[in-house]
Amino acid sequence: MARDTFPVLYSTLSAQALIDRVLSEYDLGLIKSCQFWNRGISDIYRVETQASTYILRVSHAHWRSTTEVAFELEWLDFLQKQRISVAYPLRTRNGDLLIELEAPEGIRSAALFIYAPGDVPVGDLNTTQSFEMGKVLAQIHQCSLEFSSLHDRESLHLDHLLEQSLESIKPFLHQRLQ
């Protein structure tokens, strides 16, 4: 009797398979480890080689399209080339910024990033931190005026950010809207 694979909404990808099928596409040298690190908007894996540490980000299927992910990666690559301090994606040996993976729930996009050392600020930022963040954000906004992409992405206009978002979550708020 043939059995169909049970459908899934979300899967955790094997670290060894990511080494074999994804990380092997980059010039990294010997990979010492690839460990699942964090689940959030994307799955994050910490990759260690003999020379360096990297972050592998695997986007969830159905969260954003491959085109939307490619747009973001091109933008981060652009910012890095403008000498803006960002965690930027690395290119594969073929020059690609992302690798598509066929997971049980659908297509997922994987991208390898440099590792940005440091700590996530907890609590309020102090005056110096706020000033530095404002300065970098101003640089990002200013140089992004020159950015163009081969990939389309929906504009972040008020109708998209507010009205369409509200329509998307309205079914989950039915008891609060009474």
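**View 1. Glu72 and its two arginine partners in the predicted model.** Leaving out residues up to four places away in sequence, Glu72 touches Arg57 and Arg64. This glutamate sits in helix H2. With Arg64, the Glu72 side chain makes a polar contact of 2.7 Å. With Arg57, side chain again to side chain, the polar contact is 3.1 Å. Is Glu72 buried or exposed? Its relative accessibility is 19%, and since buried means under 20%, Glu72 counts as buried.

**View 2. Arg57 and the residues around it.** Now look from the other end of that 3.1 Å contact between Arg57 and Glu72. Arg57 belongs to strand E3, which covers residues 53-59. Its relative accessibility comes to 12%, so Arg57 counts as buried too. What does Arg57 contact, once neighbours within four places in sequence are set aside? Ser42, Asp43 and Ile44 are among them, and so are Arg64, Val69, Glu72 and Leu73. Further along the chain, Arg57 also meets Ser109, Ala110, Ala111 and Phe113.

**View 3. Helix H2 against helix H3.** Here we stay with H2 (residues 66-81) and bring in H3 (residues 127-144). How do the two helices cross? Their axes come within 11 Å, at an angle of roughly 105°. Angles of 65 to 115 degrees count as roughly perpendicular, so that is the word for H2 and H3. On the H2 side, the residues that meet H3 are Trp75, Phe78 and Leu79; on the H3 side they are Ile140, Cys143 and Ser144. Sorted by class, this contact has five nonpolar residues, one polar and no charged. As for the spacing along each helix, a bit of background helps: an α-helix has 3.6 residues a turn, so residues three or four places apart point the same way.

**View 4. Helix H3 from end to end.** At the start of H3, a side-chain oxygen of Asn126 reaches to within 3.0 Å of the backbone nitrogen of Thr128. How far should the 18 residues of H3 span? At 1.5 Å a residue the expected figure is 26 Å, and the end C-alpha atoms are 26 Å apart, so the two agree.

**View 5. Pulling back to the whole chain.** The chain has four helices and five strands, running α-β-β-β-α-β-β-α-α from the N terminus. Along the principal axes, its C-alpha atoms fill a box of roughly 60 × 55 × 35 Å. Of the 178 residues, 30% count as buried. Taking contacts between residues at least 6 apart in sequence, 57% join residues at least 24 apart.

Conventions. Residues are numbered from 1 along each chain as its sequence is written. This is a predicted model: local features need pLDDT of at least 70, side-chain atom pairs count only at pLDDT 80 or more; totals for chains, interfaces and linings use all residues. Side-chain values use heavy atoms; hydrogens and water are left out. Axes are lines fitted to C-alpha atoms, for helices over the stretch in contact, and angles run from 0 to 180 degrees between N-to-C directions. Angles under 35 degrees count as roughly parallel, over 145 as roughly antiparallel, 65 to 115 as roughly perpendicular and the rest as oblique. Contact means heavy atoms within 4.5 Å. Ala, Val, Leu, Ile, Met, Phe, Trp, Tyr, Cys and Pro count as nonpolar, Asp, Glu, Lys and Arg as charged, and the others, Gly among them, as polar. Buried means under 20% relative accessible area, exposed over 50%, partly exposed in between (1.4 Å probe, protein chains only). A polar contact is a pair of N or O atoms within 3.5 Å; within protein, one must be able to donate a hydrogen and the other to accept it, and residues adjacent in sequence count only if both atoms are side-chain atoms. The expected span of a helix is 1.5 Å times one less than its number of residues.
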